[in-house]
Amino acid sequence: NPVGYAVPYDFLRSPTNGMGAMGPPFSEITAYDLNTGEIKWRKPNGGTLGIGADVGAHFPRGAPLVTGGGLLFAATAQDRQLRAYDRDTGDVLWSYTLPGGSEGIPATYELDGRQYLAVPVAAGAGLFAPLLEPASASGPPDLERAYIVFALPRG
């Protein structure tokens with residue numbers, strides 16, 4: 001039997017589960033050496049609930065933040081994770097489960113000599129969340145649409 005796909009935003013999605021026609025990894029973060037054009041590393045960008053942790057987020061709508069200190073921060077909506085990657089290797093150094101999804105871009109700023117990281121948390125399960133698991137509220141309602149700010153260690 002042929003499988004029907006809807007095309008709401010110029011890409012194919014299954015009408016039964018919202019998944020795309022292509023298999024994982026659904027998204028990746030790729031680091032290039034801009035002097036040579038060679039790929040330094042490539043890693044799945046997050047996970048998708050119901051499928052796996054390292055398959056890449058399904059249609060992520062954010063962007064990473066790269067810091068001068070050698071970190072790359074990226075948040076994904078489907079698995080509600082904020083990750084800190086090593087800029088040179090792509091290894092995940094730290095992760096944090098957010099109370100809701102993030103489809104924005106993390107921002108960093110300094111105040112009184114301390115560096116902070118602000119992350120938008122307002123995406124729920126993401127605009128293009130697959131229909132594999134029902135969406136559920138994971139935290140108090142006032143935390144589901146907010147900015148969460150982390151203070152980075154001094155030094």
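**Figure 1. Strands β7 and β9 both feed a nonpolar surface patch.** β7 (107-111) and β9 each supply at least two residues of this nonpolar patch. The model shown here and in every other view is predicted. The patch is formed by Tyr109, Leu111, Tyr147 and Val149. Together these four residues have about 430 Å² of accessible area. Tyr109 is found in strand β7. Tyr109 counts as partly exposed, at 36% relative accessibility.

**Figure 2. The whole chain is built on strands.** The chain has 9 strands and 0 helices. Along the sequence the pattern reads β-β-β-β-β-β-β-β-β. The chain has 155 residues, and 35% of them count as buried. Its exposed surface is about 9,100 Å². Carbon and sulfur atoms supply 53% of that surface. Among contacts with a separation of 6 or more, 48% join residues 24 or more positions apart.

**Figure 3. Four strands make an open antiparallel sheet.** The strand order is β3-β4-β5-β6, and the pairing is antiparallel. β3 (65-66) and β6 stand at the edges. Each edge strand has a single partner, so one side of each is left without a neighbour in the sheet. In general, strands of a sheet pair through backbone hydrogen bonds. β3 and β4 pair over 2 bridges. β5 and β6 pair over 5 bridges, also in the antiparallel sense.

**Figure 4. The β5-β6 hairpin carries a glycine with positive phi.** The hairpin has 5 residues between its strands. Gly90 takes a positive phi near 85° in this hairpin. Tyr85 stands opposite Val92, which belongs to β6. Asp91 also lies in the loop between β5 and β6 (92-97). Asp91 is partly exposed, with a relative accessible area of 37%.

**Figure 5. Leu65 and Thr67 at the β3-β4 connection.** Leu65 has Phe73 in β4 as its bridge partner. Leaving aside neighbours within four places in sequence, Leu65 is in contact with Leu71, Leu72, Phe73, Pro106, Ala107, Thr108 and Leu117. Thr67 lies in the loop between β3 and β4. Is Thr67 buried or exposed? Thr67 has 10% relative accessibility, so Thr67 counts as buried, the cut-off being under 20%. With the same neighbours left aside, the contacts of Thr67 are Phe73 and Arg87.

**Figure 6. The largest nonpolar core has 12 residues.** Its members are Leu65, Phe73, Ala75, Leu82, Ala84, Leu98, Leu117, Val119, Val121, Ile148, Phe150 and Leu152. Which elements give two or more residues to this core? They are β4 (71-76), β5 (81-86), β8 (114-121) and β9 (146-151). β8 gives the largest share, 3 residues. A second, separate core has 6 residues, including Ile29, Ala31, Trp41 and Ala74. Nonpolar side chains tend to be buried together in soluble globular proteins.

**Figure 7. A salt bridge joins β1 and β2.** A search of the whole structure finds 3 salt bridges. In this one, Arg42 pairs with Glu28, and the closest N and O atoms are 3.4 Å apart. Arg42 lies in strand β2 (residues 39-44) and Glu28 in strand β1 (residues 28-32), so the pair ties together parts that are 14 residues apart in sequence. Arg42 counts as partly exposed at 42% relative accessibility. Glu28 is partly exposed too, with a relative accessible area of 38%.

**Figure 8. Lys43 reaches the β5-β6 loop through a salt bridge.** The side chains of Lys43 and Asp91 meet at 3.3 Å, N to O. Lys43 is in strand β2 and Asp91 is in the loop between β5 and β6 (92-97), so the salt bridge links distant parts of the chain, 48 residues apart. Lys43 is partly exposed, at 26% relative accessibility.

**Figure 9. Asp79 and Arg83 form a buried salt bridge.** Their side chains meet at 2.7 Å, N to O. Are the two residues buried or exposed? Both Asp79 and Arg83 are buried. Side chains of opposite charge can pair when their charged atoms come close.

Note on methods
Residues numbered from 1 in each chain as written. Predicted model: local features only at pLDDT ≥ 70, side-chain atom pairs only at ≥ 80, totals over all residues. Heavy atoms only, no water. Core = buried A, V, L, I, M, F, W, Y, C linked by side-chain atoms within 4.5 Å. Buried < 20%, exposed > 50% of the residue type's maximum accessible area, 1.4 Å probe, protein only. Contact = heavy atoms within 4.5 Å. Areas by Shrake-Rupley, 256 points an atom, 1.4 Å probe, with all protein chains shown as cover. Pairing = 2+ DSSP bridges. Patch = residues over 30% accessible without salt bridge, like charges linked within 9 Å, V, L, I, M, F, W, Y side chains within 5 Å.
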